[in-house]
Amino acid sequence: MRGYKSIFVFLLLLNLTGCWSRYEVQNMNYATAVGIDYINDKYTVFVQLLDFTTVAKLEGQQKEEQPPVWVGKGQGASFTEAVNDLYSTSQQRLNFGQVSAILLSERMIKENKVGEVLELINRYREIRYISWLFSTREPIEEILLATPFFRLSPKASILHNPEQNYRQRSILTPIRLKQFVLDSNEKSRTSYIPELSIRRGQWQESNKPKELLKYSGIHIYDQDNYYGRMGLEDLSGLPWLSTHTIRVPLDLFAEEKLAAVLVAEKPKFEVTPIVKLDKVFFDISLSVKAGINELHTDLTEQKLKQIARKTIEEQIRNTYQTAFNKGIDIYNLGEKLYRQHPHQWKHIATGKNQLVLNQDSLLNVDVDVNIVYSGRYKLHENSKSKK
């Protein structure tokens, strides 16, 4: 009887599935970022590899050397062919399951290849839609080789972890791949890709210049149509009308001199569309809570608020006009009309980007500034401030 039981157990073991298709972790190369360029009718794919044993940093320990960053380049008539070119020299299996950033060149965006590339990326089931999406006008390999402070892994840079920087200075909202896909396929909504560049000379490490990543603008792309680029200097109004904004610095000037520096947090706004004679106008109501970081001139609280209101309204209007001249609805104002009055939107919308705006569509911009924190400065409503 005991022999029969042994045979029965042995037969059961034969039916159990093993892990024959699994690969050992040490036998894989893990891609952490993918860059894509399009030159002379060919795709160039860049892949950033990291050694994950060097990514974690134990508390109290300083790395003696910069963790190695490998960047490979493959070329081909298609995205897949370019990746296969990389496979030819990849000494081990290349895994895309850890990709957290996708970088597109300006050339590729202008060639309207974004939709085609996203479709091809979708076939790589390992690449997830929570990856961050960026663009650049600089050589892609230089962006992928840039490393942050203290010999940390590139995983600590803006490319892989943009949220930390955004919490402190909410100028340009980082975009995940899934959000870009949703926005670019949504009627009346403008989608954009943040642009990264390299800042040289601002920081030094032991008297040696350090190259670091920074935001430099956006590329506006919607439903396979490229509308243009806007530099960071043209986007000062964008944070005020974004639901994601956390913290925005605000420089105030009086008589062309810096008078104060405020820090605003989580602005709240409402947009009201108004249709008159087949034209649409928008009223914007914005409320901002701010604290005073610096005060260089004796100003009353009332005067500070007045300057702040005027400055914010000018930033909003200047960004609107710059974008409108490029045929771009930078604030997604048309979406407000589309959601509330879809029939009127359909009647007014024109062009490939279904624009509903005109030169004077931004009607009233009502800004309310509430100074909730004055720091070490004592403000008075109708008299000069004193330290």
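**Exercises on a predicted model**

At 17% relative accessibility, Glu 106 counts as buried. The model examined here is a predicted one.

**Exercise 1.** Determine where Glu 106 lies and which residues it contacts beyond its sequence neighbours.

*Solution.* Begin with the classification: a residue is buried when its relative accessible area is under 20%. Glu 106, at 17%, therefore belongs to the buried class. Next, locate the residue: helix 3, which covers residues 106-110, contains Glu 106. Finally, set aside the neighbours within four places in sequence; the contacts of Glu 106 are then Thr 136, Arg 137, His 219, Tyr 226 and Arg 229.

**Exercise 2.** Establish whether Phe 149 is buried, partly exposed or exposed, and describe its surroundings on the surface.

*Solution.* First, place the residue in the chain: Phe 149 is in the loop that runs between helix 5 (140-145) and helix 6 (162-168). Second, apply the cut-offs: partly exposed lies between the 20% limit for buried and the 50% limit for exposed. Because its relative accessible area is 33%, Phe 149 is partly exposed. Third, consider the surface: Phe 149 forms a nonpolar patch with Phe 150 and Trp 203, and together these residues have about 350 Å² of accessible area.

**Exercise 3.** Summarise the protein as a whole: its helices and strands, its burial and its exposed area.

*Solution.* Start with secondary structure: the protein has ten helices and 14 strands. Then turn to burial: 46% of the 387 residues count as buried. For the surface, about 22,100 Å² is exposed, with 48% of it supplied by carbon and sulfur atoms. Lastly, among contacts between residues at least 6 apart in sequence, 71% join residues at least 24 apart.

Note on methods. Residues are numbered from 1 along each chain as its sequence is written. This is a predicted model: local features need pLDDT of at least 70, side-chain atom pairs count only at pLDDT 80 or more; totals for chains, interfaces and linings use all residues. Side-chain values use heavy atoms; hydrogens and water are left out. Helices (H or I, at least four residues) and strands (E, at least two) are DSSP runs, numbered from the N terminus. Buried means under 20% relative accessible area, exposed over 50%, partly exposed in between (1.4 Å probe, protein chains only). Contact means heavy atoms within 4.5 Å. Accessible areas come from the Shrake-Rupley method with a 1.4 Å probe; for residues, only the protein chains shown count as cover. Patches are made of residues with over 30% relative accessible area and no salt bridge: like charges are joined within 9 Å, nonpolar side chains (Val, Leu, Ile, Met, Phe, Trp, Tyr) within 5 Å. A salt bridge is a side-chain nitrogen of Lys or Arg within 4 Å of a carboxyl oxygen of Asp or Glu.
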